[in-house]
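Reader: Got a minute to walk me through this fold? I'd like to go sheet by sheet, then look at some helix and ring contacts.

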Amino acid sequence: MATVHLRIGDLVWGKLGRYPPWPGKVVSPPKDLKKPRGKKCHFVKFFGTEDHAWIKVEQLKPYHTHKDEMIKINKGKRFQQAVDAVEDFLKKAKGKEQNSDGKGDSKGKKTANKPLKILEEDDEDLSALKDPSEKPVKDDPHFHHFLLSQSEKPASSMEPISKRLKIIEEDAGSTSIQAADSTAINGSITPTDKRIGFLGLGLMGSGIVSNLLKMGHVVTVWNRTAEKCDLFIQEGARLGRTPAEVASMCDITFSCVSDPKAARDLVLGPSGVLQGIRPGKCYVEMSTVDPETITELSQVITSRGGRFLEAPVAGSQQLSNDGMLVILAAGDRTVYEDCSSCFQAMGKTSFFLGEAGNAARMMLILNMVQGSFMATIAEGLTLAQATGQSQQTFLDILSQGQMASTFVDQKCQNILQGNFKPDYYLKHIQKDLRLAISMGDTANHPTPMAAAANEVYKRAKALDQSDNDISAVYRAYIH
């Protein structure tokens, strides 16, 4: 590949990970910031944002040459604001040139412009290339970075320096997108022009759809109980009469339902998704189910020429409403990339974990840990009461120690207040524990802690706590 010649001050289009090309300017990096090893890249400051990043040379294009092309393919208010910022910058630069043209020193001699060194692909010391007119990046009060030292990261990893966003690409094939501030990152989303379908408006699905609509996505919804669609129709969503119709109308169809049976029925049942799948259509399964169900759904979708991705979410109703879910994806990498703006709208982080089934496995492990932990906290609270100790004091001590977390504090306070309004259904965490134990059996791996917790949740279900929050497992100890 031919050497890319860029210099400090050049305007460029920089493509960061799965995000659309964005206008920026090649600048000097801070002196203490080393270029990532093995990466042929330049340091770019992006217009219209507070973002700075090392960008690989193959992801950089000259601004003026590709301006018309980029404006045609990229839409959105924030993108236009960034382009306007570039044009303002150019006008100011031109004005300065005109004002200084013909002016010399006191002896009538013009001051020679200091030549700028050209940056080659293999330049290692970029700190020496500082443009005297460029404000040092490290002096920018908004400059904020997450770059780990080279001794702490594999040589092949690269992290952009950004107040809002961190993208990590690991050797293992896992990619994550992390928003340090959900409101900030969501505010800069350029929604995909693909038509989005969403099936299932439960605790999690409702918040997800609301955020997709807020961020400008075109969404068609369906729910088994049709009345739940009304609110979203008022917010601008379209109504699909059946899962098959939604899948046939939309480019990407998401589903988020309660369990493996519901997930299968949605695809394979009468007027199911499979009937609407055509070559190129994408189906994204967000339900927490077992790997075997994912494998089956992947096979039937791809057999019709469709593209399949699993993307279960870690979080709660509140996190769903706030757009702060953690998305675990696996399957067709191109679908994951096509879902970029959707995942930004609904979550703070998304991970790509490789082949279909891996996300289901990881999600079951995470929920197994969470369910077991919640049961243990409930056991501790009731044991404190049984031995004459103050439950509030137990919580106060807990919140000052190593196990302190928002999760512990909120769940325990709700228990003490007798508030078991569901943020994550107890019946669903018990289902996840059951599936995790089965997965352990398949792998010939013991899961005695999960098995014990599962029995406690089963007792809570027998006490009519299924539709309460997972913290209602507490009641299994007091009846």
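Author: Sure, and keep in mind that this is a predicted model. Let's start with an open sheet of five antiparallel strands, which run in the order β5-β4-β3-β2-β6.

Reader: Which strands stand at the edges of that sheet?

Author: Look for strands that have a single partner, so that one side is left without a neighbour in the sheet. Residues 52-56 and residues 60-62 fit that description. The edge strands are therefore β5 and β6.

Reader: What does the twist average from one strand to the next?

Author: It is taken over the sheet ordered β5-β4-β3-β2-β6. From each strand to the next, the average comes to 45°.

Reader: Zooming in on β5, which residue there does Val 44 stand opposite?

Author: Strand β4 covers residues 41-46 and is joined to β5 by five bridges, with the two running antiparallel. Within that pairing, the residue opposite Val 44 is Ala 53.

Reader: And at what angle does helix α1 run to β6?

Author: Helix α1 takes in residues 63-73 and lies across β2, β3 and β6. Relative to β6, the helix runs at about 100°.

Reader: Moving along the chain, is the crossover from β14 to β15 right-handed or left-handed?

Author: Strands β14 (residues 282-285) and β15 (residues 307-310) pair in the parallel sense over four bridges, and Cys 282 is placed opposite Arg 307. Between the two strands the chain passes through helix α9, residues 291-303. This β-α-β crossover is right-handed.

Reader: Which residue in β17 is the bridge partner of Leu 309?

Author: β15 also has two bridges to β17 (residues 325-331), and here the strands run antiparallel. On the β17 side, the partner of Leu 309 is Gly 331.

Reader: Now helix packing: is α14 roughly parallel or antiparallel to α15?

Author: The axes of α14 (residues 391-398) and α15 (residues 406-417) come within 11 Å and cross at roughly 175°. Angles over 145 degrees count as roughly antiparallel. So α14 is roughly antiparallel to α15.

Reader: How many residues of that contact are nonpolar?

Author: On the α14 side, Leu 395 and Leu 398 are among the residues that meet α15, where the partners include Val 408, Cys 412 and Leu 416. Three residues of the contact are polar and one is charged, while the nonpolar ones number five.

Reader: Last one: is the pair of Phe 254 and Phe 343 stacked or edge-to-face?

Author: It's one of ten aromatic pairs found in the whole structure, and it links strand β13 to helix α12 across 89 residues. The ring centres are 6.4 Å apart and the planes stand at 75°, so this pair is edge-to-face.

Note on methods:
Residues numbered from 1 in each chain as written. Predicted model: local features only at pLDDT ≥ 70, side-chain atom pairs only at ≥ 80, totals over all residues. Heavy atoms only, no water. Pairing = 2+ DSSP bridges. Right-handed = clockwise from strand over helix to strand, strands pointing away. Axes fitted to C-alpha atoms, helices over the stretch in contact; angles between N-to-C directions. Parallel < 35°, antiparallel > 145°, perpendicular 65-115°, else oblique. Contact = heavy atoms within 4.5 Å. Nonpolar A, V, L, I, M, F, W, Y, C, P; charged D, E, K, R; others polar. Phe/Tyr/Trp six-rings, centres within 6.5 Å; stacked < 30°, edge-to-face > 60°.
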